[in-house]
Amino acid sequence: MDNQNGSPALQNAKDSAYNGMMLILPDYHSFFYNLLSWENPRATTISFLSTVFFIFAARYLPALRWTFKVLYIVLGCTAAAELGGKMVLSQGLASSFRPRKYYTIPREALEASLEDVEQLINFFVIEFQRVLFAEKPTHTVAAFVASLISYWLIKFTPIWGLSLIAVSLVYLGPLVYTSNKEIIDHHLENATNVVNSQATQVKDLAGHHTSRATSAVKGYAGDYTSKAQNYIGSARAKSPTSPSAANSGAKSGPGSAPAYSSSDFPHAPKQEPTAGVMSHQEQYEKSPFGGQAEAGF
């Protein structure tokens, strides 16, 4: 009962969060558009240089090693000051600088920061889904080309080099386009016209071949149909139609016994054999039926 009562409230909370995120998307779009379109050159330049510096720092500077070095130096000095103060002054030096209340991050600031991070992550997740499901086919094609080029570059380019190329293209590409917008638009229009004309020619050629193939198939089907009808008609003309012929054919057909009449068989003798006649020839000659007696021996 608790799950059933809580599920609508949970669904409503999810729907409200999703609607709120969809309302914030235009703000992120305008932010990244203003940043990458060089409408504010100072902010875009600082962002670009900071990103490039971070890439080179991650590549050439041992940041993690320096972090541990700073940590052990600070902790070592603190421990030495505390122990030395207790030994010399009977009071630790580090503990004397200890604040009465440790510093904490305010809940409002932490929640605001986490909310901003959550919204930023969801922004990229939603944008990836829009590209994946081709909400705008041009963006999907551009992402496909970028992924294909990255697949081949990663074979001989390190990660930091590929990141530097991507950042340079993202920041400098819009700058080059805005500086040469008329020329680029003119060439893009010409390329679009060429692609459309070629697509129209291919479509017309495919339609022409399809119509020819369809007509050829119809012609072959008509020829085979007429031949089949002629064959069936000739077979019907050759088959017997009279009932007597059909009956005789059924009686004398292959696999059936031949039909005989009473005249095909000899007459049976009507008298007793003559005494003293020992041979069939003599019996035949003395018989009044002209030798049609049946041999009984």
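How much accessible surface does the protein have, and what percentage of this surface belongs to carbon and sulfur atoms? The accessible surface comes to about 24,800 Å², and 65% of this area belongs to carbon and sulfur atoms. The model is a predicted one, and the tour below moves from the whole chain to individual residues.

**Stop 1: the whole chain**

Display the protein as a cartoon. There are 10 helices and zero strands, so the cartoon should be read with the element order α-α-α-α-α-α-α-α-α-α from the N terminus on. Next, colour the residues by relative accessibility. The chain has 297 residues, of which 9% count as buried. A contact map adds a further view: among contacts between residues at least 6 apart in sequence, 51% join residues at least 24 apart.

**Stop 2: the largest nonpolar core**

Select Leu 35, Phe 48, Val 52, Ile 55, Leu 164, Val 167 and Tyr 171. These seven residues make up the largest nonpolar core. Helices α2 and α7 are the elements that give two or more residues to this core.

Within that selection, keep Phe 48 and Tyr 171 on screen. The structure holds 10 aromatic pairs. In the pair of Phe 48 and Tyr 171, the ring centres are 5.3 Å apart and the planes stand at 50°, so the pair counts as tilted. This pair links distant parts of the chain: Phe 48 belongs to helix α2 (residues 41-60) and Tyr 171 to helix α7 (residues 159-179), with their positions 123 residues apart in sequence. Both Phe 48 and Tyr 171 are buried.

**Stop 3: an edge-to-face pair and its cluster**

Select Phe 123 and Phe 124. How are the rings of Phe 123 and Phe 124 arranged? Their centres lie 5.3 Å apart with the planes at 70°, and the pair is therefore edge-to-face. The two residues fall into separate accessibility classes: Phe 123, at 6% relative accessibility, counts as buried, whereas Phe 124, at 47%, counts as partly exposed.

Extend the selection to Tyr 28, Phe 31 and Phe 32. Together with Phe 123 and Phe 124, these residues form one aromatic cluster.

**Stop 4: the loop between α1 and α2**

Select Ser 37 and Trp 38. Ser 37 is found in the loop between α1 (2-36) and α2, and Trp 38 is found in that loop as well. Is Ser 37 buried or exposed? With a relative accessible area of 15%, Ser 37 is buried. A polar atom of the Ser 37 side chain lies 2.5 Å from the backbone oxygen of Tyr 33.

Trp 38 also counts as buried, at 17% relative accessibility. Inspect its backbone: phi of Trp 38 is near 60°, a positive value in a residue other than glycine. Most residues other than glycine have a negative phi.

**Stop 5: both ends of helix α2**

Move on to Pro 41, which is placed in helix α2. At 45% relative accessibility, Pro 41 counts as partly exposed. Draw a C-alpha to C-alpha distance from Pro 41 to Leu 175: the two residues are 134 residues apart in sequence and 9.9 Å apart in space.

Then select Arg 59 and Tyr 60. The charged end of Arg 59 sits over the ring of Tyr 60, at 4.8 Å from the ring centre.

**Stop 6: Leu 93 in helix α4**

Select Leu 93, which lies in helix α4 (residues 93-96). Its relative accessibility is 38%, so Leu 93 counts as partly exposed. Which residues is Leu 93 in contact with, leaving aside its neighbours within four places in sequence? They are Ala 81, Glu 82 and Gly 85. Leu 83 can be added to the view: the C-alpha atoms of Leu 93 and Leu 83, 10 residues apart along the chain, are separated by 8.1 Å.

**Stop 7: the loop between α5 and α6**

Finish at Ala 134, in the loop between α5 (107-132) and α6 (137-153). Phi of Ala 134 is near 55°, a positive value in a residue other than glycine. With a relative accessible area of 38%, Ala 134 is partly exposed, whereas Trp 38, the positive-phi residue of Stop 4, counts as buried.

Technical notes
Residues numbered from 1 in each chain as written. Predicted model: local features only at pLDDT ≥ 70, side-chain atom pairs only at ≥ 80, totals over all residues. Heavy atoms only, no water. Helix = DSSP H or I, 4+ residues; strand = E, 2+ residues; numbered from the N terminus. Buried < 20%, exposed > 50% of the residue type's maximum accessible area, 1.4 Å probe, protein only. Contact = heavy atoms within 4.5 Å. Areas by Shrake-Rupley, 256 points an atom, 1.4 Å probe, with all protein chains shown as cover. Phe/Tyr/Trp six-rings, centres within 6.5 Å; stacked < 30°, edge-to-face > 60°. Lys NZ or Arg CZ within 6 Å of the ring centre and 35° of its normal. Polar contact = N/O pair within 3.5 Å; in protein donor to acceptor, adjacent residues only side chain to side chain. Core = buried A, V, L, I, M, F, W, Y, C linked by side-chain atoms within 4.5 Å.
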